[in-house]
Amino acid sequence: MGSDRRFQYALQPMLLTRQWELDRLRSELGEVNAAWAVQDTSVKALLQRQQASMQEWGGLEGTPRPLSVDRFVMLARYIEDCGAQARRAQEALDALTQRRDDLTERLHLAHRALDAVHEHREKMQVRFLQDRISLVFKAADDQWGMSRTTEAAHDSES
């Protein structure tokens, strides 16, 4: 180990791979969150439309004129269609929620894996520095011992 040698982490490619995976999962989670927000807005709008049509249906009860069969069928189908659209939209929202939850769990695991590699890197760096300091002390000790031997030889010659 020369004194100009620097710490090189052998698992650096793994560290980078785990960082890239974490970044990819964060990006994917952001996309899913955006899609979830759009879908949630859609579900709310469909439910409001269904509620409005049901209120219109309820408002027809008090009218003095009778409701035609065609109008009755049309309104019933419209309410049913609104409900079906809302159910499909809610199913899509539920699927996005599940995907978001899965991604959140994977993101958590990826973060823990990256933290473990960072912790290992720090330990290896500390070990490298300790070994380097040990070599410096050993070299200084050897120099001191040699200087003592040279001094002793020089003193015995005198």
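**Helix contacts and salt bridges in a predicted model**

Q: Is Arg 99 buried, partly exposed or exposed?
A: In this predicted model, the relative accessible area of Arg 99 is 41%. Buried requires under 20% and exposed over 50%, so Arg 99 is partly exposed.

Q: Which residue meets Arg 99 in a salt bridge at 3.3 Å, N to O?
A: The cut-off for a salt bridge is 4 Å between a side-chain nitrogen of Lys or Arg and a carboxyl oxygen of Asp or Glu. At 3.3 Å the pair falls within it, and the partner of Arg 99 is Glu 28.

Q: How many residues apart in sequence are the parts that Glu 28 and Arg 99 tie together?
A: The salt bridge joins the side chains of Glu 28 and Arg 99. Glu 28 belongs to helix H1 and Arg 99 to helix H2, so the pair links parts whose separation in sequence is 71 residues.

Q: Is Glu 28 buried or exposed?
A: Glu 28 is a residue of helix H1. Leaving out residues up to four places away in sequence, Glu 28 touches Arg 99 and Leu 103. Its relative accessibility is 18%, so Glu 28 counts as buried.

Q: Which residue forms a salt bridge with Glu 28 at 2.8 Å between the closest N and O atoms?
A: This partner and Glu 28 are four residues apart in helix H1, which means about one helical turn between them. The partner has a relative accessible area of 37% and is therefore partly exposed. The residue that forms this salt bridge is Arg 24.

Q: Which residues are linked with Glu 21 in a network of salt bridges?
A: Glu 28 forms salt bridges with Arg 24 and with Arg 99. The network that holds Glu 21 also takes in Arg 24, Glu 28 and Arg 99.

Q: What separates Asp 23 and Arg 26 in helix H1?
A: The side chains of Asp 23 and Arg 26 form a salt bridge at 3.9 Å, N to O. At 36% relative accessibility Asp 23 is partly exposed, and at 43% so is Arg 26. The two are three residues apart in the helix, so what lies between them is about one helical turn.

Q: How many salt bridges does the count come to?
A: Those counted include Asp 23 with Arg 26 and Glu 28 with Arg 24. The pair Glu 28 and Arg 99 is another of them. The count comes to six.

Q: Which helix gives the largest share of the largest nonpolar core?
A: This core has 14 residues, and Leu 22, Leu 25, Leu 103 and Leu 107 have the most contacts inside it. Helix H1 (12–59) and helix H2 (69–157) each supply at least two of its residues. The largest share, seven residues, comes from H2.

Q: Which residues is Leu 25 in contact with, leaving aside neighbours within four places in sequence?
A: Leu 25 is among the residues with the most contacts inside the largest nonpolar core. Its partners beyond that sequence window are Leu 103, Arg 106, Leu 107 and Ala 110.

Q: How many residues are in the other core, among them Val 43 and Ala 86?
A: This core lies apart from the largest one, and its members also include Ala 89 and Leu 93. The core has five residues.

Q: What percentage of the residues of the chain count as buried?
A: The chain has two helices and zero strands. Its accessible surface is about 12000 Å², with 56% belonging to carbon and sulfur atoms. Of its 158 residues, the buried portion is 18%.

Methods: Residues numbered from 1 in each chain as written. Predicted model: local features only at pLDDT ≥ 70, side-chain atom pairs only at ≥ 80, totals over all residues. Heavy atoms only, no water. Core = buried A, V, L, I, M, F, W, Y, C linked by side-chain atoms within 4.5 Å. Buried < 20%, exposed > 50% of the residue type's maximum accessible area, 1.4 Å probe, protein only. Contact = heavy atoms within 4.5 Å. Areas by Shrake-Rupley, 256 points an atom, 1.4 Å probe, with all protein chains shown as cover.
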